[in-house]
Amino acid sequence: MSRAPAPAAVAPALVPTHCPYCSLQCGMNLRGTGTTVEVVERDDFPVNRGALCGKGRTAPAVLSSRVRLTGPLVRRPATGRLEPATWEEALRVTAEGLRRTRTVHGADAVGVFGGGGLTNEKAYALGKFARVVLGTSQIDYNGRFCMSSAAAAHHRAFGLDRGLPFPLEDVPRTGCVILVGSNLAETMPPALRYLRELKENGGTLIVVDPRRTKTAEQADLHLAPRPGTDLALALGLLHLVVAQGRTDEEFIRERTTGWEEARAAAMAHWPELVERITGVGVPQLRAAVGMFCDAPTAMVLTARGPEQQSKGTDTVGAWINLALATGNAGRPLAGYGCLTGQGNGQGGREHGQKADQLPGYRKLDDPAARAHVAGVWGVDPDSLPGPGRSAYELLDALGRDVKALLLMGSNPVVSAPRAAHVEERIRALDFLAVADVVLSETAELADVVFPVTQWAEETGTTTNLEGRVLLRRRAITPPEGVRSDLELLHGLAGLLGHEKGFPTDPEEVFGELRRASAGGPADYSGISYRRLEEENGVFWPCPDAAPASGPVREPHPGTPRLFLERFATPDGRARFVPVVHREAGEETDADFPVVLTTGRVVAQYQSGAQTRRVAELNAAAPGPFVELHPHLAARVGVADGEPVVVVSRRGRAVAPARVTDTIRPDTVFMPFHWAGAGRANTLTNPALDPVSRMPEFKVCAVRLERAGLLPSPSGD
């Protein structure tokens, strides 16, 4: 008797989701088995169309129990070391630490620090936890270090902040793009295709960057200003637009206000003056204006280069003025946009973890906003604290005014400016609890460490740089000792007297977020998990229902393109803001004659806490370096690969020299992904933008010295 053939093994189902890293939130499929998962190409998501960078492809490596946290840790007084603990003990110790601090020093002695990688649900719950359970005003997040200047400029000009007011698919269809301070070939590689397609379609690309990066190599025109002079450059271009009679007078008259004042400010920046300030020659300035104004439509896109400055808001405002003056805003295939950095950098700044903000991008000092959100939360509006300190100011206050800190999804020991000082402040805390996936350099200093789930182990929403709300889906089960951030907040809230109001189901949290955001600038009330699954994302604002046009009310379709009919200001007009060039917070001098600027490399991400644990990525980018021009290397007496010391007024870093003629001779570049001797943020200047409170990561004065033997970096 013959046996029936054995049934064929059924392959695990593919789970459509999104990458855990940058703000593109590239689509990917996951094939999970138990606690292991592999990435499979997903070509139905329009942003990346199946393409992934090395970080996305290797993301599952961080799920390994060999590199990630698998159980809570508590610092034992007897040994002074972090040692394994149960969740119950870790929650109890943390609740006691937070309660004790509040009792002795007051609610504002407890701080909360969030992250731009948290899902919308987590960011929302964290803000609610800080204000309702802890009663503290002292909450901010690391996204302050990324997009805050562009957000502030967006609000001033347009009345609303969404990174891109149009989908990325519009970029290749415009006539000219000015890309300012972005090396997206390395920071978000799948997006480079949009610039290539722009050129294939006959459009032109202008890249503004002090380095000839892989992105700049794609440009029709590369402008290489001295770091910190982007504001003067934008004003000089606007001066030439006016002088050549290339302003769009009808657009200015019909759709803007404040032009005369902005025009007068720009006209004080004549081309020869701008050349002296920036180092960009007048012929290049004229060529840029020609390309931009000859195009039927044009866009200006900025990133951290012009934004991470002590004048970042005004700098972005100057680029917005250029777009407005030429009529390149509020119409199809034109406009200003910010290339948001972190995975949920957009959503993370919309729903309450910022110092001055309530969900739905509402302002914390607005009585109507307070009343609405308090009604959703079931609390008295007067019980909500007011605005608190910005991110760096909060970190600077640790151990002094702020005695205890709950930190989620951030690694400021590596990522904050003046990092040695920030590390010192963190060490001065009475109590520190950290929730993270790995034992980061900051987590190593904690009294309690909570191991939390990662993107493949949880469901939740993020909002990408286009304002497209997306659904990440759980594909595998987390290790037994790992819980979600929502479970962590639920447990702490219960121990601190709030047994209700902090659900652990992300869809339930999102339902509350929808109600809290309803009617706000970032209105998510018409978005549901079901719609996100069916529509592959929905652009906000998306109110609960479209305006009634008959007996049936159709769902609001979302808003892929903003400002086509009116801007989000009270009168519907965009606002010119007059700005003038000013120096950086710290200029070069005889003692510190070189400018340091910082940034990312393709194989690492942010503070490197996760990517530095992936062998393939470390092989591609094993450690820090100092990029410098051959002329500067010759003056210092250092050869390629030799250790070089970089000294600023805040400290010193040591890393191998990378000698190249793709950088200005007066400038050096360091990536900021590493701790230890090569920590770039030991050097950076915390001078703050007066509006956005953004630190000046991109400009500081340094000197270079030859080094002896290269020290072994610690914490890498």
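What follows is a chat between a visitor and a guide about a predicted model.

Visitor: Let's start near the N terminus: which strands stand at the edges of the sheet ordered 1-2-3?

Guide: That sheet is open, with three strands and antiparallel pairing. An edge strand here has a single partner strand, so one side of it is left without a neighbour in the sheet. The two that fit are strand 1 (14-18) and strand 3 (36-40).

Visitor: And how much are neighbouring strands of that sheet turned against each other on average?

Guide: The order is 1-2-3 and the pairing is antiparallel. With direction ignored, the average turn between neighbouring strands is 40°.

Visitor: Which residue of strand 2 is the bridge partner of Leu14?

Guide: Strand 1 and strand 2 (residues 27-33) pair in the antiparallel sense, over five bridges. Follow Leu14 across to strand 2 and you land on its bridge partner, Arg31.

Visitor: Moving on to the other open sheet, 19-20-21, which helix packs on it?

Guide: This one also has antiparallel pairing among three strands. Strand 19 (460-463) and strand 21 (538-539) are its edges, each with a single partner strand, so each has one side without a neighbour in the sheet. The helix touches strand 19 and strand 20, and its direction makes about 95° with that of strand 19. You're looking at helix 3 (residues 120-134).

Visitor: What stands opposite Gly460 in strand 20?

Guide: Strand 19 pairs with strand 20 (residues 468-472) over four bridges, in the antiparallel sense. Across from Gly460 you'll find Arg472.

Visitor: Now the inside. Which helix gives the largest share of the largest nonpolar core?

Guide: That core has 114 residues, and those with the most contacts inside it are Phe129, Phe158, Ile178, Trp319 and Phe450. Nine residues come from the helix you're after, the largest share. It's helix 7 (residues 230-243).

Visitor: Ile178 is on that list, so to speak; which residues does Ile178 touch beyond four places away in sequence?

Guide: Ile178 is one of the residues with the most contacts inside the core. Its partners include Trp319, which is on that list too. Counting only beyond four places in sequence, Ile178 touches Ile206, Val208, Phe292, Met299, Val300, Leu301, Trp319 and Leu322.

Visitor: How many residues are in the other core that lies apart from it?

Guide: Among its members are Cys19, Val171, Ala191 and Tyr194. This core lies apart from the largest one, and its count is 53 residues.

Visitor: Back to helix 7: is it roughly parallel or roughly perpendicular to helix 11?

Guide: The two helices pack with their axes 10 Å apart, in a right-handed crossing. Leu233, Leu237, Leu240 and Val241 of helix 7 meet Leu285, Arg286, Ala288, Val289 and Cys293 of helix 11. The angle is about 65°, and angles of 65 to 115 degrees count as roughly perpendicular. So helix 7 is, relative to helix 11, roughly perpendicular.

Visitor: Is Ala295 buried or exposed?

Guide: Ala295 sits in the loop between helix 11 (282-294) and strand 12 (298-302). It touches Gly175 and Cys176, and the C-alpha atoms of Ala295 and Gly175 are separated by 4.8 Å despite being 120 residues apart along the chain. Its relative accessible area is 14%, and the cut-off is under 20%, so Ala295 is buried.

Visitor: Last one: what separation do the C-alpha atoms of Gly97 and Ala433 have?

Guide: Gly97 lies in helix 2 (residues 87-105) and counts as buried, at 0% relative accessibility. Along the chain, Gly97 and Ala433 are 336 residues apart. Their C-alpha atoms are separated by 9.0 Å.

Key:
Residues numbered from 1 in each chain as written. Predicted model: local features only at pLDDT ≥ 70, side-chain atom pairs only at ≥ 80, totals over all residues. Heavy atoms only, no water. Pairing = 2+ DSSP bridges. Axes fitted to C-alpha atoms, helices over the stretch in contact; angles between N-to-C directions. Buried < 20%, exposed > 50% of the residue type's maximum accessible area, 1.4 Å probe, protein only. Contact = heavy atoms within 4.5 Å. Core = buried A, V, L, I, M, F, W, Y, C linked by side-chain atoms within 4.5 Å. Parallel < 35°, antiparallel > 145°, perpendicular 65-115°, else oblique. Left-handed = near helix turned anticlockwise from the far one by under 90°.
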